[in-house]
Amino acid sequence: MKTHAEKPLSSVALSAAENDSNAIIFIEYPKPESNNSEVIIQELVSHNIKHIFLVPGKLIYPFINAIDSSEIKGIVGAHETACGFMADGYARASRKFGVCLAISGPGTMNFIPAMAAAQADRIPVLYLAGGISTYHEAQGAFQDGSNSGLDELTIVKPLLNSAVEIKNGSTLKYELRRSLISLNTQRKGRAYLSMPVDIQKKKMTEHPQLKPLKPTDSYESPIDIKALEKVLKLHILGKSKVAILAGHRVNNRSDAILLHHLAEKYQIPVATTLSGKGAFSEEHALSLGVYGFAGHTRAVETINGEDVDVLIVFGCDLSQRDSLNWTPKLHGNKRLILIDEDFEKSCLHYQPDVQVFSNLNGALQHLVNAVDEHDTRLEEVKEWRKEWLQKINNLPLILKRSELPSQNINEKQYIYPGDAIKHLRQRMSSNTNVVVDSGAHRIFMAHYWQSNGCGDYHTSSSLAPMGWAVCAGIGIKLAAPENDCLVVTGDGCMLMHGMEIQTAARYGIKVIFVVMNNSAHGAMYIDTLHNRGISSGYTALPNHDWVAFAHSLGVKAARASTLDDVDAALDVAHDHDGPFLIEIEVGNDTPPNRYYADSTFEFEQRISNL
């Protein structure tokens, strides 16, 4: 008999709105004889969840059986942290929430790094756990995570919006609602729900009423029309040189489309932060590129210059990396307008001139549609900004290699990382979801990879755990199977979670994993080449054979030491029906992060005078 993991995913007969995460889905609730684990899984089916990422264990057998008899497919990972990262990626690409499952105790403890990463980036994820039976508690039971043992709820609560343990089936539907209520792209919450294995098996004690379910992506915050109209009249339609800085909360396909319409309609140049990269096409005439960490020349010199009168910030926290170490130049002589649906962490350093609390998608829609295409003010403002925009376009986008200090001690000839990335961009389709890990390669990717601007660029930017992308790429591909998926990681990241490429092989998930192998923890090793930081013994790595590693896990692979090798490997990867790993031998060249390095020095000078 085939296991669930080996069976093909059964078709989901929910409605014609199957692929619309905003659709209201009508389902038939579980029959009265359903057990509590089946109730939970069917509730996830009603939210159009297609995959759950899990590590199996005896304490979750009822959950696994419920998954096995549902339309949801269980994806077995090698490690619970990786399953949490997969769920994180699934949420980003699906615009729903991700779900992962493990036993309580050790499984829950392994969820914690993933919980922290999702909390830092505000990604909605549900963490399910199965605990020891209630009649085993308070007696020193094996793997007891309850409040009589490890007390894991107290441990995980700081990272979550909701953490509950269900020990009474009569409260299930209320606790389940409490867990799910914040799991959408507006509230961006995370929830942990644990249930003892004996309660999982019990029959549902109350039959819920048949009701249409609320759409996952409904507006949770209002649209402040009055404030938006004021911004439109005084600034966007006024004789002001206006620029936009887009953050991660508008880095999705729906908001990106509206942002392009807004920029084109009023001729406003757009920069993104690193976490917002993907919200605006960097091939567009109005693109300034990335501002902040790994920033582009055009973005930094325009926003920090004297010409911008108004900077409108959409969905961005203006954190250290987003703001070039909180540079005063970002505000300077310009008006700073913050439009956001989330002010929990926004703008902690700066004092904006205007703060608008408004649903971002609704705000963008209103600003796009508020003025008729034939309004004479449009032509006037476009003409007024024309000369300024031409001046901006004369600025280069990327830094040239010659502008960066060189200190590469490798004797062998390696590929320059920027050249490899530009080559990958040329060869990958325009709709590729690119998923980027943490390290020196993150800087090269942000600077040299030109985003298509449709919410297609994904990275864990706030906590930035190493190896995140290897796992998240699997979740992203499953959430958006129609798009190509490219994961760019490093050898240090592979040592963290490279094992998960076997998960992609096990399920035949077509992801191209590119390992930038520089035999080092690159960002820190490059510091040692410039006699900064610590000795190289702590940052150099053995030159592992990642091709052999991939082959041992059932993943086809190739090595590239020239750009022609990269081409040949991509040809095979595109034709291969499954995951493929390309190991690219790169040097430890200085990353294109000159502006951030300068801002770090300037920040240290500012605080030295305090």
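This passage describes the strands, helices and selected residues of a predicted model.

The mean pLDDT of the protein is 88, and 89% of its residues reach 70 or more. Two stretches fall below this level of confidence. Over residues 1–29 pLDDT stays under 50, and the model has 57 contacts beyond four places in sequence for this stretch. Residues 209–219 likewise have pLDDT under 50 throughout, with 31 contacts beyond four places in sequence.

Towards the N terminus, strand S1 (residues 51–54) pairs with strand S2 in the parallel sense, over four bridges. Within this pairing, Ile 52 has Gly 74 of S2 as its bridge partner. Together with helix H2 (residues 61–68), S1 and S2 make a right-handed β-α-β unit. In a regular strand, side chains alternate between the two faces of the sheet. Strand S2 (residues 73–76) is covered on both faces: Lys 73 and Ile 75 are buried on one side, and Gly 74 and Val 76 are buried on the other.

Arg 95 is located in the loop between helix H3 (80–94) and strand S3 (98–103). Its phi is near 60°, a positive value in a residue other than glycine. Arg 95 counts as partly exposed because its relative accessibility is 28%, between the limits of 20% for buried and 50% for exposed.

One open sheet consists of six strands in the order S9-S8-S7-S10-S11-S12, with parallel pairing. Strand S9 (287–290) and strand S12 (354–357) each have a single partner strand, so these two stand at the edges and one side of each lacks a neighbour in the sheet. From one strand to the next, the twist averages 15°. Within the sheet, strand S10 (residues 310–314) and strand S11 (residues 335–340) run parallel and are joined by five bridges. Ile 312 is placed opposite Ile 337 in S11. Helix H8 (residues 225–236) lies across strand S7 (242–246), S10, S11 and S12, and runs at about 145° to S11.

A further open sheet of six strands has the order S14-S13-S15-S16-S18-S17, and its pairing is parallel. The edges are formed by strand S14 (457–459) and strand S17 (556–560); each has a single partner strand, so one side of each is left without a neighbour in the sheet. Neighbouring strands of this sheet are turned against each other by 20° on average, direction ignored. S17 and strand S18 (residues 580–585) run parallel and are joined by five bridges, and Ala 560 stands opposite Ile 584 in S18.

Two helices were examined against this sheet. Helix H13 (residues 417–427) lies across strand S16 (512–517) and S18, at about 165° to S16. Helix H20 (residues 563–575) packs on the sheet and touches S16, S17 and S18, its direction making about 175° with that of S18.

Ile 582, in strand S18, illustrates the surroundings of a residue in this sheet. Its relative accessibility is 1%, so Ile 582 counts as buried. Beyond its neighbours within four places in sequence, Ile 582 is in contact with Ile 512, Phe 513, Val 514, Val 515, Ala 558, Ala 560, Ala 569 and Leu 570. The C-alpha atoms of Ile 582 and Val 566 are separated by 7.8 Å, although the two residues are 16 residues apart along the chain.

Ser 519 is found in the loop between S16 and helix H18 (522–529). Ser 519 has a positive phi of about 55° although it is not a glycine. At 17% relative accessibility, Ser 519 counts as buried because the cut-off for this class is under 20%.

Helix H15 (residues 468–479) was considered for its length and its burial. Its twelve residues, at 1.5 Å a residue, should span 16 Å; the end C-alpha atoms are 16 Å apart, which agrees. Eleven of the twelve residues are buried, so H15 is largely enclosed by the rest of the structure. The buried residues of H15 are Trp 468, Ala 469, Val 470, Cys 471, Ala 472, Gly 473, Ile 474, Gly 475, Ile 476, Lys 477 and Leu 478.

Methods:
Residues are numbered from 1 along each chain as its sequence is written. This is a predicted model: local features need pLDDT of at least 70, side-chain atom pairs count only at pLDDT 80 or more; totals for chains, interfaces and linings use all residues. Side-chain values use heavy atoms; hydrogens and water are left out. Two strands pair if DSSP finds at least two bridges between them. Axes are lines fitted to C-alpha atoms, for helices over the stretch in contact, and angles run from 0 to 180 degrees between N-to-C directions. Contact means heavy atoms within 4.5 Å. Buried means under 20% relative accessible area, exposed over 50%, partly exposed in between (1.4 Å probe, protein chains only). pLDDT is the predictor's confidence in each residue, from 0 to 100. The expected span of a helix is 1.5 Å times one less than its number of residues. A crossover is right-handed if, with the strands pointing away from the viewer, the path from the first strand over the helix to the second runs clockwise.
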